[in-house]
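Here is a friendly tour of a protein structure for you. Keep the picture open while you read, and look up each residue as we come to it.

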Amino acid sequence: MQYTLSILVENQAGVLSKISGLFSRRSFNIDSLAVGVTADPTVSRITVVANGDEYVVEQLEKQLNKVIPVIKVKRLTEGEFISRELSLIKVHCSAAKRFELIKIAELMDAKIVDVASSTVTFEYCETAEKIQTLIDLLKPYGIREIVRTGTVAIDKGKAQVST
Amino acid sequence: MISGAEIIVKCLEAEGVDTVFGYPGATICPFYDSLYDSNIKHVLVRQEQNAAHAASGYARACMKPGVCVATSGPGATNLITGIATAYMDSIPMIAITGQVRSDLLGRDVFQEADITGACEPFTKHSYLVERTADLPRIFKEAFHIATTGRPGPVLIDIPQDLQENMLESFEYPKTVDIKGYKPNTKGHSVQVQRAVELIKKAKRPVIVAGGGVLSSGAKLKLQKFAEITQIPVLSTMMGIGVMPSDHPLYLGMLGTHGRKCANTALHKTDLTIVCGARLGDRAIASPDQMGTRAKVIHIDIDPAEIGKNVKTTVPIVGDMNNVLKQLINDIDGFKINDEWDSEVKELKAHFQSKISTFEGYVEPRTLINKLSFMLKSKAILCADVGQNQIWCANNFRIREGRFLTTGGMGTMGYSVPAAIGAKMARKDRDVVVVCGDGSFQMSLNELSTIAQNNLNIKIIVMRNQRLGMVRELQDKIYNCRHSATILNDKPDFVALAKAYGIDSAEVSSNEEAEKFVKNIVESDKPFVLVCNVHPDTPSIL
Ligand SMILES: Cc1ncc(C[n+]2csc(CCOP(=O)(O)OP(=O)(O)O)c2C)c(N)n1
């Protein structure tokens with residue numbers, strides 16, 4: 001089971017290492033982790049996407065709550081949140097293939113942000129799933145490099161994660 | 001004007017600290033210099049690990065946070081085992097370390113160690129102080145965090161220059177506000193109600209009490225609850241002392257090294273009421289050890305413990321005092337059925353243990369049992385780790401006293417420094433150590449601390465010339481191949497104790513041992529009694 005956690009933490013030195021240390025120490029497997037400041041500059045928000053059964057998620061939530069600078073942990077409900085991840089994908093591209101790649105970009109609603117004699121770089125901001133689709137489409141051309149930010153997520157509608 | 005170091009001392013005074021345990025070095029020197037003018041007693045241990053263990057013994061004996069101090073680098077790293085032990089045993093503790101100057105941090109200068117990083121997994125929280133002005137707030141928070149919720153060690157790492165910096169004035173904050181730390185102490189009334197219903201329906205309920213009952217000071221409430229309902233009580237190792245050992249409702253310690261009657265009762269139960277215990281693998285090796293269909297009510301201040309090791313029917317997060325008060329109130333005089341009551345009594349009678357003895361040796365279990373009644377009823381027994389610990393856990397008869405051992409971490413060498421801490425906290429109590437010849441040698445340098453402070457601590461060394469508990473394991477599982485578990489007959493502990501200025505004797509029979517115990521408990525001087533124990537004496541029957 002994959003789940004997404006939003007974690008509000010005090011914006012101070014060492015918090016991220018406390019949290020990432022917790023994951024490895026208690027052998028929780030995480031798929032991605034993204035962190036950034038919130039509307040309140042003293043508070044940062046960490047989004048974690050991880051895998052595990054109900055027992056593991058519950059343990060993870062409880063252990064996170066024990067970390068003193070963690071203010072709030074919320075498990076986002078499947079289907080009731082928006083998630084996005086930014087990726088930059090550099091693909092091998094000869095002049096002959098350029099048109100094909102532009103077509104793929106159009107089809108997927110991705111942006112081409114850099115073109116050189118033998119490469120094309122895509123910028124794609126989507127769900128992790130769709131990014132995977134694009135990667136699969138680009139694979140045959142030869143992927144040179146991928147950079148991803150990790151997923152960030154926000155509740156739909158009125159719901160929110162607040163301190 | 002006031003220096004950072006003076007501020008630290010004032011913070012400790014404001015928290016009512018009267019004793020600290022530590023070992024100085026360059027980067028903590030400003031603090032030590034200020035301490036020199038203070039009324040706070042400093043006990044100079046002989047190795048930093050023991051400062052933490054002593055702080056642990058102190059905290060447990062007087063229910064106040066223990067404070068230990070070390071210098072940066074090796075001083076701080078020496079503390080780690082003691083801090084980790086306190087963490088696993090849930091002991092409220094403040095560890096203060098000196099750190100290299102803040103402008104040199106991260107450059108691997110002389111005696112720099114990233115101690116907050118190293119202790120991350122073993123501390124409830126830690127601070128690397130960045131500004132002298134933050135010290136009062138940090139100390140206020142640290143004491144609050146260490147002592148509330150599930151107790152634990154908090155580390156404060158203070159660069160030397162921040163101890164030297166001068167501030168205009170000092171004011172200790174009156175309140176704390178930590179956004180992410182608001183432990184819930186009152187049990188949810190709906191859950192308490194559900195628990196009461198389960199208890200009323202149960203046929204064979206038992207209470208499993210752990211260290212949380214003691215650290216929250218709820219032991220009398222637990223007794224009251226058990227007495228009202230007549231539900232039998234088992235304890236974990238950390239919970240020993242929640243009931244007087246000879247209380248009719250007390251069945252003893254459960255688990256791998258526990259009492260048969262306790263384990264049998266646990267196996268038969270249909271409702272386990274877990275109070276302040278995490279039920280680690282030594283207590284319950286596999287959940288089905290607990291009657292397979294048994295329901296579980298789990299009461300703990302730490303929500304993360306609930307459901308971690310055993311499946312829970314009714315979770316109650318809260319302070320043991322509050323929850324037991326709610327339960328006592330809501331249970332409304334309910335008493336369990338007579339059948340279970342008499343079955344439990346039978347169990348208890350059935351498993352009376354017979355102990356075989358070896359001629360020419362001290363039988364440790366018999367001696368420990370006798371010892372219980374030769375001490376004052378509020379005596380504090382500090383047991384080390386190994387067979388000696390199991391002998392004590394199962395045979396020391398607690399009345400109103402305490403049993404201090406490290407059940408969570410099992411750190412050899414704990415007992416002697418813990419006794420130093422306990423004695424500093426409770427000069428009025430008998431404080432006795434029981435340890436093995438292996439564990440004794442892990443902290444016998446502290447004999448020097450005992451002698452220097454003339455601490456009336458009696459140390460009983462169970463000398464089997466083996467790392468007994470591991471050797472026993474090798475007998476059972478490794479085909480009696482005694483790899484690295486044989487100690488030789490050196491040192492001569494009696495001569496060694498005397499070299500430290502502490503009187504000592506060696507005995508090889510229970511009669512002799514008892515005679516000595518009778519005499520030494522009367523004296524106000526420390527004593528080391530070396531008991532020769534046959535290496536084949538088992539941990540349990
Ligand atoms: C610091 C530390 N090292 C190793 C162990 C593993 N260990 C557990 S019990 C034990 C033997 C203890 O021997 P001794 O102190 O002589 O006590 P006995 O079992 O003989 O009573 C050992 C080595 C431990 N618990 N702690």
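What follows is a short briefing, from whole chains down to single residues. Please remember that this model is predicted. Chain B has 541 residues, and chain A has 163 residues.

**Chain B as a whole**

- Chain B holds 21 helices and 20 strands. Its radius of gyration is 24 Å, close to the 24 Å that the globule rule gives for 541 residues, so chain B is as compact as a globular protein of that length.
- If you follow the C-alpha trace of chain B along its principal axes, it spans about 70 × 60 × 45 Å.
- How much of chain B counts as buried? The figure is 59% of its 541 residues.
- Take the contacts in chain B with a separation of 6 or more: residues 24 or more positions apart account for 75% of them.
- The exposed area of chain B is about 21,600 Å², and carbon and sulfur atoms supply 50% of that area.
- Chain B carries 60 positive and 59 negative charges, and the mean positions of these two groups are 7 Å apart.

**Chain A as a whole**

- Chain A has 4 helices and 9 strands. Starting at the N terminus, you can trace its elements in the order β-α-β-β-α-β-β-α-β-β-α-β-β.
- The C-alpha trace of chain A spans about 55 × 30 × 30 Å along its principal axes.
- Of the 163 residues in chain A, 42% count as buried.
- Among the contacts in chain A between residues at least 6 apart in sequence, 72% join residues at least 24 apart.
- Chain A has an accessible surface of about 8,700 Å², and 53% of this belongs to carbon and sulfur atoms.
- There are 21 positive and 20 negative side chains in chain A, and the centres of the two sets lie 3 Å apart.

**Cysteines**

- How many disulfides does a search of the whole structure find? The count over all chains is 0.
- Cys11(B) is one cysteine in no disulfide, and the nearest cysteine sulfur, which belongs to Cys68(B), is 16 Å away. A disulfide needs two cysteine sulfur atoms within 2.5 Å.
- Is Cys11(B) buried or exposed? With a relative accessible area of 0%, Cys11(B) is buried.
- Cys480(B) counts as partly exposed, because its relative accessibility is 46% and the partly exposed range runs between 20% and 50%.

**Three buried residues in chain B**

- Val461(B) sits in strand β18, which covers residues 457-463 of chain B. Its relative accessibility is 0%, so Val461(B) counts as buried.
- Which residues does Val461(B) touch, leaving out those up to four places away in sequence? They are Cys435(B), Gly436(B), Asp437(B), Phe440(B), Val528(B), Leu529(B), Val530(B) and Cys531(B).
- Between Val461(B) and Arg402(B) there is a sequence separation of 59 residues, and their C-alpha atoms are 19 Å apart in space.
- Ala59(B) belongs to helix α3 (residues 48-62) of chain B, and it counts as buried at 4% relative accessibility.
- Beyond its neighbours within four places in sequence, Ala59(B) is in contact with Lys64(B), Pro65(B), Gly66(B), Ile91(B) and Pro92(B).
- Ala59(B) and Ala383(B) are 324 residues apart along the chain, while 16 Å separates their C-alpha atoms.
- Ser439(B) lies in helix α17, residues 437-443 of chain B. At 2% relative accessibility, Ser439(B) counts as buried.
- Not counting residues up to four places away in sequence, Ser439(B) touches Asp384(B), Val385(B), Asn388(B), Met412(B) and Gly413(B).

**Backbone details in the loops**

- The peptide bond from Lys490(B) to Pro491(B) is cis, with omega near -5 degrees. You can find Pro491(B) in the loop between α19 (468-477) and α20 (493-499) of chain B.
- Asp109(A) is not a glycine, yet it has a positive phi of about 65 degrees. Look for Asp109(A) in the loop between α3 (98-108) and β6 (111-115) of chain A. Asp109(A) counts as exposed, because its relative accessibility is 69%.
- Gln111(B) is not a glycine either, and its phi is positive at about 60 degrees. The loop that holds Gln111(B) runs between β5 (93-99) and α5 (115-118) of chain B. With a relative accessible area of 25%, Gln111(B) is partly exposed.

Notes. Residues are numbered from 1 along each chain as its sequence is written. Chains are lettered from A and ligands numbered from 1 in the order in which they are written. This is a predicted model: local features need pLDDT of at least 70, side-chain atom pairs count only at pLDDT 80 or more; totals for chains, interfaces and linings use all residues. Side-chain values use heavy atoms; hydrogens and water are left out. Helices (H or I, at least four residues) and strands (E, at least two) are DSSP runs, numbered from the N terminus. The radius of gyration is taken over C-alpha atoms; the globule rule is 2.2 Å times the number of residues to the power 0.38. Buried means under 20% relative accessible area, exposed over 50%, partly exposed in between (1.4 Å probe, protein chains only). Contact means heavy atoms within 4.5 Å. Accessible areas come from the Shrake-Rupley method with a 1.4 Å probe; for residues, only the protein chains shown count as cover. Lys and Arg count as positive and Asp and Glu as negative; His and the chain ends are not counted. The place of a charge is taken as NZ of Lys, CZ of Arg, CG of Asp or CD of Glu.
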